[in-house]
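Colleague: Could you walk me through one part of this structure up close, taking the charged side chains that pair up and the strands around them? I'm new to this, so please go step by step.

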Amino acid sequence: MRALPKNHAYNLFLFRELKDLLEFRNNRAYSIALGLVLCLFFWGIYLSVIFPLDDELPLKSALSYAFLMMGGISLLALFLFVSAYQCLTLRRVNRSVEYECHSPGGSKGWKKRFGDFLAVQMYLVVVTTPGGRLTKKPPIWCFDLVGLNNDLRIPIHPPGHRPFKENQEEEATAFAEKIARFMEIKVEKLSPEVNTEAITG
């Protein structure tokens with residue numbers, strides 16, 4: 001299994017919970033829906049607006065190339081979203097942590113031990129728009145599985161694909177403690193001032 005690039009993006013939600021196993025998987029439904037929306041947007045505009053235009057219009061050729069290119073990129077993204085698969089498996093029996101990422105380009109991942117991780121960190125993050133502007137939404141709780149010396153940081157999410165809001169601190173703490181107890185590591189609750197990262201919502 002090939003090593004992951006340093007800028008690899010983890011997209012992991014708690015999917016299955018057994019006595020001696022916890023399994024996180026990527027949110028494929030959201031990714032596929034996003035790919036479908038992009039395809040419908042670009043191809044819909046091209047077929048309904050640009051294609052029927054008179055061929056003599058000077059901008060039709062440029063607009064056609066632009067929307068066909070974006071439509072092709074959207075189809076490629078949809079194909080990648082459908083075929084991409086991420087899985088993080090925690091096994092209590094042999095105290096192992098295994099991550100796998102499958103894509104059309106092949107499989108990548110790593111294997112580690114519980115002892116390679118220091119803590120589950122939880123912290124509040126301000127919700128922003130894709131353009132980086134603050135929204136009126138309350139801050140949400142985020143969680144990172146942190147390796148020794150902070151050499152590895154894996155964002156993990158609770159099941160259901162809905163984050164815990166600021167006023168759900170008790171539920172957020174229970175989720176972090178469940179993962180920490182399973183791995184026999186500690187929970188670190190960072191103050192809002194420590195982490196100023198924002199996410200889109």
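**Salt bridges, loops and a hairpin**

Modeller: Sure! Let's start at aspartate 20, which counts as partly exposed because its relative accessibility is 32%, between the cut-offs of 20% for buried and 50% for exposed. Keep in mind that this is a predicted model.

Who does aspartate 20 pair with? Its side chain meets that of arginine 92 in a salt bridge, with N and O 3.2 Å apart. Arginine 92 sits in the loop between strand 3 (85-91) and strand 4 (96-103), while aspartate 20 is in the loop between strand 1 (13-18) and strand 2 (21-25), so this pair ties together parts that are 72 residues apart in sequence. Arginine 92 is also partly exposed, at 36% relative accessibility.

Now stay with the loop between strand 3 and strand 4, because arginine 95 lies there too. The side chain of arginine 95 makes a salt bridge with that of glutamate 184, at 3.3 Å from N to O. Glutamate 184 belongs to the loop between helix 3 (169-183) and strand 9 (186-189), so here the parts tied together are 89 residues apart in sequence. Is each partner buried or exposed? Arginine 95 is partly exposed, with a relative accessible area of 31%, whereas glutamate 184 is exposed at 61%.

There's a small network to look at as well: Arg16, Glu23 and Arg25 are joined by salt bridges that share partners. Zoom in on one of its links, and you'll see arginine 25 and glutamate 23 with their closest N and O atoms 2.8 Å apart. Glutamate 23 has a relative accessible area of 6%, so it counts as buried, since the cut-off for that is under 20%. Arginine 25, on the other hand, is partly exposed at 26%. If you'd like to hunt for others, the whole structure holds 10 salt bridges.

Finally, follow the chain from that arginine-bearing loop into strand 4. Strand 4 pairs with strand 5 (residues 106-113) in the antiparallel sense, over eight bridges. Together strand 4 and strand 5 make a hairpin, with two residues between them. For a landmark in this hairpin, find cysteine 101, which stands opposite lysine 108 in strand 5.

Definitions and conventions:
Residues are numbered from 1 along each chain as its sequence is written. This is a predicted model: local features need pLDDT of at least 70, side-chain atom pairs count only at pLDDT 80 or more; totals for chains, interfaces and linings use all residues. Side-chain values use heavy atoms; hydrogens and water are left out. A salt bridge is a side-chain nitrogen of Lys or Arg within 4 Å of a carboxyl oxygen of Asp or Glu. Helices (H or I, at least four residues) and strands (E, at least two) are DSSP runs, numbered from the N terminus. Buried means under 20% relative accessible area, exposed over 50%, partly exposed in between (1.4 Å probe, protein chains only). Two strands pair if DSSP finds at least two bridges between them.
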